[in-house]
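Thank you all for making time this morning. I would like to walk you through one protein model, going slowly from a single side chain outward to the strands and helices around it.

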Amino acid sequence: ESYNYLIETYDGVSPVRESHITQHIEEVMQKITYGAPGTGKSKQTKDEVAGHVWFRTTFHPDSDYASFVGAYKPMMKEDGVALTEVSQKDAAGQLVGTEIHDQRKGIAYDFVDQVFTKAYVEAWKLQKKAAAGATPEPVFLVIEEINRGNCAQIFGDIFQLLDRNGMGFSEYPVEPDSDLGRFIAAKISEDEAVMDAARKNAINGLYPEAKFDVVEKVLKGEQLLLPDNLYIRATMNTSDQSL
């Protein structure tokens, strides 16, 4: 049986405990490990994700949706304009020299992805690349000190995606804002692999109420849906006063 959530007290790993963790790593989609400082919560998570693709962040009081998912930010950009030579003249109008102006750089706004979007895009790329009948490689999103941030503010409507069905996919897809959707579509399309038809049909079959191709919408950034190879691991400190 698969588990949507697992919350456990962690006071160190015994050999028996290690065996239990290894056995169930692929069954637990989302897990919060909590305990006192120094009991090895982060080490356990590090051991779980070792050898896999993983992305890590730490929540704190200033964490918000933009720092977790992404937002538009000013970026230094090359604008393609060539170097220009400007003549320098004296008061009498006589040429006294030239000055080179570099107009190639400027400020432009771009969508900058953060840890959630990076993990999400990578998980769907691996879904596309997985061979027919094979299990896509897992991707882990690791959140340290999850209790120190305002989860409602940080996750926003993405919180709804954490409700997974029995196959590990989000039960309720959500629509991203247009900026995030365009960015996700562009990133996923960088990988030209075509998803196996049987896998695509199986995922679409999880949403019989949908009147459209769910997978196609996801790959185009028009729907957000956590895939079954995206795992979330979080830690929290029970002695933290913000608990």
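Let me begin with one residue, F111, which sits in strand β7, the stretch covering residues 105–113. Please keep in mind throughout that what you see is a predicted model. Is F111 buried or exposed? Its relative accessibility is 11%, and because the cut-off for buried is under 20%, F111 counts as buried.

Which residues, then, does F111 touch once its neighbours within four places in sequence are set aside? The contacts are with V69, G70, A71 and Y72, and also with D179, L180 and F183. If you would like a distance to hold on to, the C-alpha atoms of F111 and M75 are separated by 9.3 Å, and these two residues are 36 residues apart along the chain.

Two of those contacts, L180 and F183, bring us to helix α6, residues 178–189, whose axis comes within 9 Å of the axis of helix α4, residues 115–129, with a crossing angle of roughly 40°. In general, two packed helices are described by the angle between their axes and the distance between the axes. Here α4 and α6 are therefore oblique to each other, and the crossing in which α4 passes α6 is right-handed. On the α4 side the contact is made by T117, Y120, V121, W124, K125 and K128, and these meet L180, F183, I184, K187, I188 and S189 of α6. By character, the residues of this contact divide into 7 nonpolar, 2 polar and 3 charged, and F183, which is part of it, is also a residue that F111 touches.

Let me now turn to the strands, starting with β8, residues 139–144, where 6 of the 6 residues are buried. As a general point, side chains in a regular strand alternate between the two faces of the sheet. In β8, V139, L141 and I143 point one way while F140, V142 and E144 point the other way, and all of them are buried.

What does β8 pair with? Strand β3, residues 53–58, pairs with β8 in the parallel sense over 6 bridges, and within that pairing T58 stands opposite E144. Strand β9 also runs parallel to β8, and 5 bridges join them; in this pairing I143 stands opposite A234, and the bridge partner of L141 in β9 is I232.

Why do we call β9 largely enclosed by the rest of the structure? The reason is that 8 of its 8 residues are buried. L230, I232, A234 and M236 point one way from β9, whereas Y231, R233, T235 and N237 point the other way, and all of these are buried.

Moving on from β9, which spans residues 230–237, we find it pairing with β2 in the parallel sense over 6 bridges, and the partner of G35 in β9 is N237. Strand β2, residues 28–35, has 6 of its 8 residues buried, so it too is largely enclosed by the rest of the structure.

I would also like to show you two loop residues. The first topic is S63, found in the loop between β3 and α3, which at 6% relative accessibility counts as buried. Not counting residues up to four places away in sequence, S63 touches T58, Q153 and I154, and T58 is the residue I mentioned as standing opposite E144.

The other is E145, in the loop between β8 and α5, which at 23% relative accessibility counts as partly exposed. Most residues other than glycine have a negative phi. The phi of E145, however, is near 55°, which is a positive value in a residue other than glycine.

To finish, let me step back to the whole protein, whose secondary structure comes to 8 helices and 9 strands. Buried residues make up 39% of its 243 residues. Among contacts with a separation of 6 or more, 79% are accounted for by residues 24 or more positions apart.

How values were computed. Residues numbered from 1 in each chain as written. Predicted model: local features only at pLDDT ≥ 70, side-chain atom pairs only at ≥ 80, totals over all residues. Heavy atoms only, no water. Buried < 20%, exposed > 50% of the residue type's maximum accessible area, 1.4 Å probe, protein only. Helix = DSSP H or I, 4+ residues; strand = E, 2+ residues; numbered from the N terminus. Pairing = 2+ DSSP bridges. Axes fitted to C-alpha atoms, helices over the stretch in contact; angles between N-to-C directions. Parallel < 35°, antiparallel > 145°, perpendicular 65-115°, else oblique. Left-handed = near helix turned anticlockwise from the far one by under 90°. Contact = heavy atoms within 4.5 Å. Nonpolar A, V, L, I, M, F, W, Y, C, P; charged D, E, K, R; others polar.
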